[in-house]
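Please read the following explanation with the coordinates open beside it, moving from one contact to the next as the paragraphs proceed.

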2 protein chains.
Amino acid sequence: MTSFGQYLRQLRETRHAAAQAADVGRYTLRSVAANAGLEPSYLSKIERDIQPPPSEAKVRALAEALGEDADVLLALAGKVSGDLLEAIRKRPQLFAHIIRELKDMPDHAVLRIVREVRDGQW
Amino acid sequence: MTSFGQYLRQLRETRHAAAQAADVGRYTLRSVAANAGLEPSYLSKIERDIQPPPSEAKVRALAEALGEDADVLLALAGKVSGDLLEAIRKRPQLFAHIIRELKDMPDHAVLRIVREVRDGQW
DNA sequence: CAGAGCGTGTAGTACACACTACACACCATG
DNA sequence: CATGGTGTGTAGTGTGTACTACACGCTCTG
C-alpha cells in the first residue's frame with residue numbers, strides 16, 4: 001500500500017516534470033506548500049511520512065494545488081470528507097445499511113446502481 | 001436537537017423505570033457504567049454534557065448496555081462507525097459519489113434502493 | 001564566489017482527546 | 001444511626017493533533 005506521503009511526493013514530482021516539459025507552473029516543494037498554505041518543512045515531513053497527514057482542509061488544499069481528486073487524497077490520509085460524514089450522521093441507520101450492503105460488491109455492480117440513481121427513475 | 005448526553009440519560013432512565021416494573025436488570029448510572037466499562041463519574045459528566053461523548057468503543061459498549069442501535073448513538077456522538085469509514089476509504093470516489101447522490105433524497109427513495117440492492121438483481 | 005532557490009533538521013507550541021482516581025454529599029433502610 | 005447505594009465534584013494524566021518558526025546545508029547560476 002502506498003502511503004500518503006509517498007503518493008504525495010510522487011504526484012508532485014510527476015507534475016514537476018510535466019511542468020518542466022510544458023512551460024509555466026512550478027511544483028517545487030516550496031511553491032506547492034505556499035499554494036496549499038502550509039510551511040515547506042511541514043510538507044517535507046509529510047511527504048516523507050515523518051509527520052502524519054494534515055487536516056482535511058490542508059489535504060483539500062494540497063489536492064487543489066496538485067490537481068488531484070480530494071476524496072482520493074483524503075482516503076489515503078485515512079480520512080473521509082466531512083460532508084459525507086454529515087450525510088451519514090443525519091440518517092445513520094439508512095446509510096449504515098446501504099454502505100454495508102454495497103461494501104462487498106464489485107465496482108461494476110455499485111457503478112450500475114450509481115448510474116441508475118443518477119438517471120433518476122427513483 | 002437532543003444532545004448525546006440528554007439522549008443517553010433519558011434512555012437510561014426509561015430502562016430504569018421499565019426494569020423496576022419488570023424484575024431484574026439494573027440501570028443505575030453505576031451499573032451501566034460498569035457494564036460499559038467506564039468510570040461512573042465519567043458517565044455522569046457525559047450524561048450532563050459536561051464531557052464530550054467518549055470514544056467509539058465506549059459508545060458501542062453503552063449502546064450494548066442500553067439496548068440501543070450503535071449507529072444511532074454514534075451519530076448523536078458526532079461519529080461514524082469505523083467499518084463504514086473503512087469501506088468508504090477503500091473506494092473513495094465510488095462511495096463519495098453515491099452518498100452525495102443519495103443525501104438529498106427522501107428516505108423512501110433511498111429505502112427503495114436498499115431493498116432493490118438486497119433483493120440482489122445486480 | 002555571492003546569492004537564489006531547493007529540500008531538510010531541530011525545537012517548540014497550543015490545544016483537544018480520552019480518560020482514571022478518589023473523595024464527597026445525599027437518601028433510604030435495617 | 002450506621003451502612004449501602006446513588007449521583008456528582010475536583011484534580012490530574014498521558015497521548016495525539018496540527019501545526020509554526022527558524023536555521024542549516026546543498027546546488028546551480030550569473
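Which atom of DNA strand C is 3.2 Å from an N or O atom in the side chain of Gln51(B)? In this predicted model, the atom in question is a base nitrogen of DNA strand C. A base oxygen of DNA strand C, for its part, is 2.5 Å from an N or O atom in the side chain of Arg30(A). The backbone of the strand is approached as well, since a phosphate oxygen of DNA strand C lies 3.2 Å from a polar side-chain atom of Arg12(A).

These contacts belong to a wider surroundings of 20 residues around DNA strand C, of which Arg9(A), Leu29(A), Arg30(A), Ser41(A) and Arg48(A) come nearest. Of the atoms of DNA strand C that come within 4 Å of the protein, 52% are accounted for by sugar and phosphate. Sorted by class, the residues of this surface comprise 10 charged, six polar and four nonpolar ones. At least two residues of the surface are supplied by each of α1 (4-21), α2 (29-36) and α3 (40-47) of chain A, and likewise by α3 (40-47) of chain B. The largest share, four residues, comes from α3(A).

The two protein chains can next be compared with one another. Two copies of a chain are related by a rotation about an axis and a shift along it. Here, chain B is superposed on chain A by a rotation of 179 degrees with 0.0 Å of shift along the axis, at an RMSD of 0.1 Å, which is the relation of a two-fold axis. The same surface serves both copies, as 100% of the contact residues of chain B recur in chain A.

A residue that touches both chains is Ser81(A), which is found in the loop between α5 (70-76) and α6 (82-90) of chain A. Its relative accessible area is 1%, so Ser81(A) is buried. Apart from neighbours within four places in sequence, Ser81(A) is in contact with Glu56(A), Arg60(A), Asp71(A) and Leu74(A), and also with Arg100(B) from the other chain. With Arg60(A), moreover, there is a polar contact of 2.4 Å that joins the two side chains.

In chain B, helix α2 (residues 29-36) has Leu29(B), Ser31(B), Val32(B), Ala33(B) and Ala36(B) as its buried residues. An α-helix has 3.6 residues a turn, so residues three or four places apart point the same way. The residue Gly37(B), whose phi is positive and near 80 degrees, follows α2(B).

Note on methods
Residues numbered from 1 in each chain as written. Chains lettered and ligands numbered in written order. Predicted model: local features only at pLDDT ≥ 70, side-chain atom pairs only at ≥ 80, totals over all residues. Heavy atoms only, no water. Least-squares fit on C-alpha atoms with pLDDT ≥ 70 in both. Contact = heavy atoms within 4.5 Å. Near = heavy atom within 4 Å. Polar contact = N/O pair within 3.5 Å; in protein donor to acceptor, adjacent residues only side chain to side chain. Nonpolar A, V, L, I, M, F, W, Y, C, P; charged D, E, K, R; others polar. Buried < 20%, exposed > 50% of the residue type's maximum accessible area, 1.4 Å probe, protein only.
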